[in-house]
Amino acid sequence: MRGHRLIVNRLALVVWAAMLPVGAPSAQTVSPPPAGPLRPYIFPPVEEFQLANGLRVILVQKHTLPVVEGRLILDAGAMREPAAKNGLAALTGSLLSEGTGTLTGADIARAMDAFGARYFTTADFNAAYADVVALKTVFPQALALSARTVAAPSFPAGEVSRVKNQALAGYQQSHARTAGLASDAFVRAAFESTAPFSRPASGTPSTIGALTRDDVINWHRTMFAPSAATLLLVGDLSPAEARSIAQQAYGSWTATRTGQTPVENPIRASSGTRVILIDRPGSVQSSIIIGQPGFRATDPDYLNMVALNRVLGGGFNSRVNMNLREKHGYTYGAGSTLDLRPGGGAFRISSDVRTNATDSALVEAVGEYKRITSEPVPVPELQGAVNNLISAFPNAVQTVQGLAGRLQQLIVWGLPVNFYATYRERLAAVTPEDVRAAAASRLKPDNLIVVVAGDLSKIEAPIRARNLGAVEVWDPNGNKVR
Amino acid sequence: MRLRYVAVSLMFVAAGTSDGQAARRSAQSGKSPEVRIDYTKETLPNGLTVLYHVDHSTPVAAVLLWYNVGSKMEQPGKTGFAHLFEHMMFKGSKNVADGQHLALLEAAGARTGPDMSGTTSWDRTNYFEQVPSNQLELALWLESDRMGTLTEALTKEKLDNVREVVKNERRQTVDNQPYGSWLEKSEEALFPEPHPYHHSIIGSMSDLSAASLEDVRSFFKTYYAPNNAVLVVAGDIDVPQTKAMVRSYFGPIPRGPAPPRLAGTSLPATVGYENRVVVQDPLAPAPQIFVAYRVPPVKDPRAPVVRILANVIGGGNSSRLDEALVRRQQIATSVTGFNLGLADGGDMLVFFATGKAGSNPDSLERALLAELAGTSSFTQSELERARAADRFSFVDGLQTTGGFGGRADRLAEGWTFFRDPNHVNTVLRQIDRVTLDDLNALARERLVPTNRVILIYVPAKKTATQTSSTRVP
């Protein structure tokens with residue numbers, strides 16, 4: 001019976017407003033209606049069990065539609081590969097689905113397509129993945145085929161060379177875009193060359209070119225084992241169905257591997273802000289990144305950083321977007337990202353800005369980075385930001401893919417799988433003082449990495465004139481030119 | 001994939017069986033599952049159509065509006081206006097200050113992008129927000145305020161900002177991207193002037209520069225009236241209570257004049273000639289070939305056949321182009337195929353293949369055209385694979401209440417394009433009914449050289465794009 005009287009009152013207000021002569025200035029405007037009583041939201045229970053071979057299985061039930069996702073997450077991401085074999089984890093991940101037993105890659109693709117299943121295998125910095133989403137009726141068969149590609153891939157020689165060519169093409173396409181150039185340069189500048197995160201997870205042309213089929217076979221043999229993997233099952237399954245389907249698909253997988261030590265991403269020492277420029281002639285926009293390395297989800301002030309990020313650039317109504325887009329019209333959008341990684345990730349502002357405003361956009365973005373460290377965040381601004389994170393959370397997990405994505409983050413970051421049970425309450429407890437303390441201790445506005453990829457014939461001189469820091473010009477491969 | 005090109009959006013950003021929700025009855029392999037989206041419909045005295053869909057599985061409510069206006073309604077010299085106007089809808093109205101629409105909804109619990117945005121397509125403009133269900137009234141109030149009073153808060157300063165932002169959007173999505181002009185060039189060739197799909201949604205820089213406040217007012221008066229829109233309220237709602245709120249907020253907005261009828265959308269089945277366009281693209285690292293055909297539009301009964309044809313040839317990982325060009329010949333590093341989903345007169349079915357860096361664009365073009373020439377004798381198993389993919393995509397998209405492509409969006413689409421909100425509940429049956437004859441017949445009729453444009457993107461050393469085009473009858 002919420003608000004019957006409220007509705008009547010508001011009707012009166014709206015009618016009154018509508019009766020005013022069109023265009024006449026009104027002394028008073030109508031205020032937004034208040035929120036009704038909050039309806040409870042509980043993150044669905046996360047059930048966990050283990051197969052006899054050591055494979056950890058996590059089930060989250062969701063029965064609204066007959067859709068199920070099965071995502072295997074394996075600790076065989078690019079962070080574990082040697083520098084000289086950069087790109088090996090990603091290549092192996094892609095090659096899983098290109099042959100198993102007597103089935104060719106084309107056979108596997110046909111079989112998965114016949115199920116109407118979305119299937120892909122890949123690896124990124126954090127992990128290797130085999131992901132299958134399908135209607136419930138065909139899910140058990142699709143997951144079983146997916147498991148065969150994970151446990152017993154055949155890595156046909158022809159497919160190794162073909163997929164290597166695709167990886168090279170991917171690198172070239174990424175480096176044809178200002179955003180790809182800027183993002184590779186940023187991590188290269190921010191981390192020591194020994195840090196896995198200083199390299200692109202998919203490798204570079206020289207390292208990809210040197211990878212062999214033996215490298216792939218060896219990587220799979222030493223890294224792929226049930227003890228190093230988690231199978232997420234999300235969707236329209238009962239616990240009994242989940243156990244039986246998981247057992248059928250993965251029960252006979254027997255590989256073992258030795259334990260792994262935690263990954264470190266050492267930060268490159270620097271004093272003062274570095275400004276790195278990369279030329280891409282003819283660009284009508286520049287991609288800019290401003291940030292610094294060194295953030296983990298396991299940091300004690302993780303949620304304070306989440307709130308800080310939301311205020312600075314984690315939404316439309318955030319400082320950098322309101323400044324660069326809404327106030328100045330430099331861009332279609334600007335934001336910040338807390339890019340968490342095992343071993344330490346990075347915090348950064350990024351945007352694509354029009355060429356003739358590149359230097360001004362940099363000054364504004366660096367200014368916002370500084371302001372959040374020097375001035376306390378006003379209480380209403382922080383409340384709005386935190387409330388957005390808390391209240392929008394149920395929206396983000398309406399789909400099996402949304403749920404699986406959230407759970408995947410916990411697994412690769414090393415957080416407990418019941419993390420979201422109290423996530424909203426703990427975020428709500430973040431205070432302006434917490435954010436101020438996080439900003440003061442973690443952000444280094446005088447020691448930033450600033451990267452700009454664009455048309456240097458137009459932007460280099462204006463950027464130098466702004467004196468943001470020591471300017472270096474790099475080639476697209478990360479070598480200093482001057 | 002298919003959604004990538006459907007619309008131009010406000011923002012770039014990095015988505016049971018209780019009463020009325022998507023109820024499941026039975027599901028057998030090889031046949032579509034029983035999925036039903038229940039709704040109730042009412043029409044307010046001012047002509048606003050309202051659809052209510054109840055789903056209590058998550059405490060989330062979605063508000064979504066489709067205005068029956070898209071870039072196809074734009075006049076010459078005013079290209080890009082429907083989209084520019086969409087951006088103006090976020091710059092405040094009588095009771096909502098500039099920036100407050102998104103600020104209030106973000107603070108209430110909507111993420112700009114997946115939950116809340118506006119998008120403009122050729123055929124319609126939509127606005128949506130997905131909020132915790134206790135914030136439903138705020139969302140309704142904000143939508144009603146801008147539907148009723150947008151022009152009372154217009155200023156030149158707001159228009160200037162929006163114009164700059166949209167120009168940046170064009171730079172980011174078209175001008176600064178390798179192959180960024182493919183869609184504009186395909187539309188130009190497949191839909192000759194004066195067809196309304198001839199020009200792009202985002203429009204030309206010079207038309208954007210020329211847009212005036214008077215244009216904004218007149219566009220609002222012509223198209224943004226309750227009788228030219230459908231409102232969907234979906235999710236964790238109480239229908240009688242929601243109806244009362246909708247009537248109180250939207251009821252007082254006056255009906256507008258009937259919008260002008262769109263004329264001149266009908267088209268011959270085929271273009272009648274082949275267009276071949278070579279683009280010297282300084283941003284491209286490798287050659288890319290696009291081949292686009294004119295096909296039946298979304299409002300045609302053959303629309304499901306079009307989607308399945310796209311999938312059989314270039315959609316799935318086992319499509320013809322994947323197997324031939326990527327796996328066997330290895331002349332392409334990637335291929336894809338999809339249709340845009342245009343509503344009136346004709347749709348565009350496009351395939352593209354990317355070559356290796358340094359490879360010869362002519363051989364890639366020959367290989368792609370050779371594959372496309374052989375596409376009129378599909379097998380039953382090819383059809384079944386594509387059907388399974390189409391069926392899955394549809395069900396998968398229904399997982400979200402609101403947002404782009406969710407249940408509310410599907411209901412609004414049914415009303416706007418078919419005057420039938422129940423259209424969503426007929427899609428799976430339509431997919432089930434497609435036969436091999438349908439598929440082969442459509443391919444024979446439409447996948448012919450005189451019904452296509454071929455775009456050849458060649459990596460170029462120069463810093464300015466150059467285009468040459470030829471027409472073969």
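Here are a few exercises on a predicted two-chain model, each with a worked solution.

Residues are numbered from 1 along each chain as its sequence is written, chains are lettered from A and ligands numbered from 1 in the order in which they are written. Because the model is predicted, local features need pLDDT of at least 70 and side-chain atom pairs count only at pLDDT 80 or more, while totals for chains, interfaces and linings use all residues.

**Exercise 1. Helix α6 of chain A**

Compare the span of α6(A) with its expected span, then find which of its residues are buried and what covers them.

Step 1: Helices (H or I, at least four residues) and strands (E, at least two) are DSSP runs, numbered from the N terminus. The expected span of a helix is 1.5 Å times one less than its number of residues. With 13 residues (178-190), α6(A) reaches 18 Å from first to last C-alpha, close to the expected 18 Å.

Step 2: A residue is buried if 20 or more other C-beta atoms lie within 10 Å of its own, exposed if 12 or fewer, and partly exposed in between, with C-beta atoms placed from the backbone. Twelve of the 13 residues of α6(A) are buried, so the helix is largely enclosed by the rest of the structure. Among them are A:Leu181, A:Asp184, A:Phe186 and A:Arg188.

Step 3: The cover over these buried residues includes α5 (157-175), β9 (274-279) and β10 (285-293) of chain A.

**Exercise 2. Helix α4 of chain A**

Repeat the analysis for α4(A).

Step 1: The 13 residues of α4(A) (139-151) should span 18 Å, and the end C-alpha atoms are 18 Å apart, which agrees.

Step 2: Its buried residues include A:Phe139, A:Leu143, A:Leu145 and A:Val150. Their cover includes α3 (105-115), β7 (128-135) and α9 (239-250) of chain A.

**Exercise 3. A helix pair**

Describe how α10(A) packs against α13(A).

Step 1: Two packed helices are described by the angle between their axes and the distance between the axes. Axes are lines fitted to C-alpha atoms, for helices over the stretch in contact, and angles run from 0 to 180 degrees between N-to-C directions. The axes of α10(A) (302-313) and α13(A) (379-391) come within 9 Å and cross at roughly 110 degrees. That makes α10(A) roughly perpendicular to α13(A); angles under 35 degrees count as roughly parallel, over 145 as roughly antiparallel, 65 to 115 as roughly perpendicular and the rest as oblique.

Step 2: Residues are in contact if their C-beta atoms, placed from the backbone, lie within 7 Å. A:Val306, A:Ala307, A:Arg310 and A:Val311 of α10(A) meet residues of α13(A) including A:Glu381 and A:Leu382. By class, this contact has seven nonpolar, one polar and two charged residues. Ala, Val, Leu, Ile, Met, Phe, Trp, Tyr, Cys and Pro count as nonpolar, Asp, Glu, Lys and Arg as charged, and the others, Gly among them, as polar.

**Exercise 4. Domains and chains**

Work out how the domains of chain B meet, then turn to the contact between chains.

Step 1: Domain bounds come from an automatic or database domain assignment. For chain B it gives domain 1 (7-28 + 36-250) and domain 2 (273-472). Their C-alpha centres lie 26 Å apart.

Step 2: The contact takes 42 residues from domain 1 of chain B and 39 residues from domain 2 of chain B. On the domain 1 side, α5(B) supplies the largest share, five residues.

Step 3: Between chains, 73 residues of chain A are in contact with 86 residues of chain B. The chain A side divides into 33 nonpolar, 29 polar and eleven charged residues.

Definitions and conventions: Two residues are in contact if their C-beta atoms, placed from the backbone, lie within 7 Å.
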